[in-house]
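Here is a short report on selected local features. It covers surface charge first, then strand pairing.

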Amino acid sequence: MISRDCIVIGAGFSGLQCARRLHDAGLRVTVLEARDRIGGRTHVTELAGRTVDIGGQWIGAAHSELSNLAHQAGANVLPQFADGAKLLHLDSGDRDRLKRYRGIIPNANPLALLELQRAIQKLSRAQRSLTLDAPWEADQASAWDHQTLESWMRRHLRTRSGREIFDIAIRSVMTAEPGMLSFLGFLFYCASNQNFEVLTSVTGGAQAATVDGGMVQLAEWLAQPLVAAGEVHLQSPACAVKRAGNDWIVAAATGAEFRAPRVVCALPPALQDRIAFEPALPANRVQLANRMPMGSVIKTVVAYDTPFWRGAGLSGEAVSHSLAFNTVFDASPPTGEFGALVGFIDGAPARRWSAAAPDQRRAAVLGSLVRYFGDAARHPIGYVEHDWITDPWSRGCYVGLLTPGVLTELGPALRSPCDGIHWAGTETATEFCGYIEGALRAGQRAANEVIGDSGERSTT
């Protein structure tokens, strides 16, 4: 049995950030990762001879920790291409409409536009009443937490166009339907990421920049000293965590066992049931994991000979309420050897298309791109996808969802340590929850908790 000061479960950005900080502080730390790679919900593959992201990829304008990490790793950070008009596709039953627009709110009839502006203002006012470390303490927390975002939307958006545009935005940000989400949970998510406008923006927003060559290279830089020390164990899912005196014994599915006084679980709550805890975790922590399902998304990148949409004055950004490929961005490499579009099937459509054959999904994606950008989109030179719903070590993306009642009934269990077991992962972040930035900050917090506990132990 191997003894360490801390065992970190999960080699995504949060787990690696925690482990790196512990290692740099002089603690002996081991990282167990179920996958055959590091990076968690970031992932890369090859497309037309280049490495592309098929997992988390964006650096937001306010993502200071991630920006600093990219600088330290020597990565080439590229502004997200956003020059030109965006496209909105709406299907109002008897009419199939495709509109160009600029700015945050798409073109709509005047009443729908007014509704949307007022709804965004109401969200902004409501989120200001929250404290990020305890949103469940807001005066209206209980009322807000026990209603869905769908019910709030139906009260404040009466036009069909207004509801469709708002619904598009929610699905693209949360990869879930408004009816699944607590209104309080969504307010917290907006506040955690500054506001609704930032969440849905490229320039100055959450999709401001990407990393040339893929986001995973930043995870690899974080892991370097740990890998060199032989302390990152891939294909080693933790299957049991058992109390042994003042320590915990963590058993991996490989048969290896590790002993430490502190354990950090850097996993989404939805994967907590993969591990048998003895003694059992507190009831609130168990219930929390049961009530935070993952979002639903399939990510696809499509390559073309050239970024032909730019010649038509388009940025490559497109959204739809009814097409399968319902959120799209330009992903063309800076070297210009080909054009590329990256996008998502998200929310309920993702669950439906996950059950389809790959060639059917491909046809639906290309059909959507043809509707957006014309017949030139029918003939790609490369196509890759990743279904995050069926990924066994994610069970979905981007983030664990705050369903009605979770925050007010179980919220403190998100971050509260359990007798030497600490919690990381982007779901536990107070700032930039759901993003890589939040994962890094949560990993730092968990490391600080472990270092503080280790200091207390050494002085007693």
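## Charge and strand pairing

Lys122 sits in helix α3, residues 110-127. The model is a predicted one. On the surface, Lys122 gathers with Arg118, Arg125 and Arg128 in a patch of positive charge. Lys122 counts as partly exposed because its relative accessibility is 33%, and that class lies between the cut-offs of 20% and 50%.

Asp36 is placed in the loop between β3 (29-32) and β4 (44-47). Its relative accessibility is 54%, so Asp36 counts as exposed. The cut-off for that class is over 50%. From Asp36 to Ile451 the separation is 415 residues in sequence. In space, their C-alpha atoms are 29 Å apart.

Now the strands. β13 spans residues 257-260. Phe258 and Ala260 make up its covered face. Glu257 and Arg259 make up the uncovered one. In a regular strand, side chains alternate between the two faces of the sheet.

β13 pairs with β1 and with β12, as tabulated here.

| Partner of β13 | Residues | Bridges | Direction | Opposite residues |
|---|---|---|---|---|
| β1 | residues 2-3 | two bridges | parallel | Ile2 and Phe258 |
| β12 | residues 247-252 | four bridges | antiparallel | Trp248 and Ala260 |

Both β13 residues in the last column, Phe258 and Ala260, belong to the covered face. β12 and β13 also form a hairpin. Four residues lie between the two strands. Gly255, in the turn, has a positive phi of about 100 degrees.

Notes
Residues numbered from 1 in each chain as written. Predicted model: local features only at pLDDT ≥ 70, side-chain atom pairs only at ≥ 80, totals over all residues. Heavy atoms only, no water. Buried < 20%, exposed > 50% of the residue type's maximum accessible area, 1.4 Å probe, protein only. Pairing = 2+ DSSP bridges. Patch = residues over 30% accessible without salt bridge, like charges linked within 9 Å, V, L, I, M, F, W, Y side chains within 5 Å. Areas by Shrake-Rupley, 256 points an atom, 1.4 Å probe, with all protein chains shown as cover. Salt bridge = Lys/Arg side-chain N within 4 Å of Asp/Glu carboxyl O. Lys, Arg positive; Asp, Glu negative; His and termini not counted. Charge placed at Lys NZ, Arg CZ, Asp CG, Glu CD.
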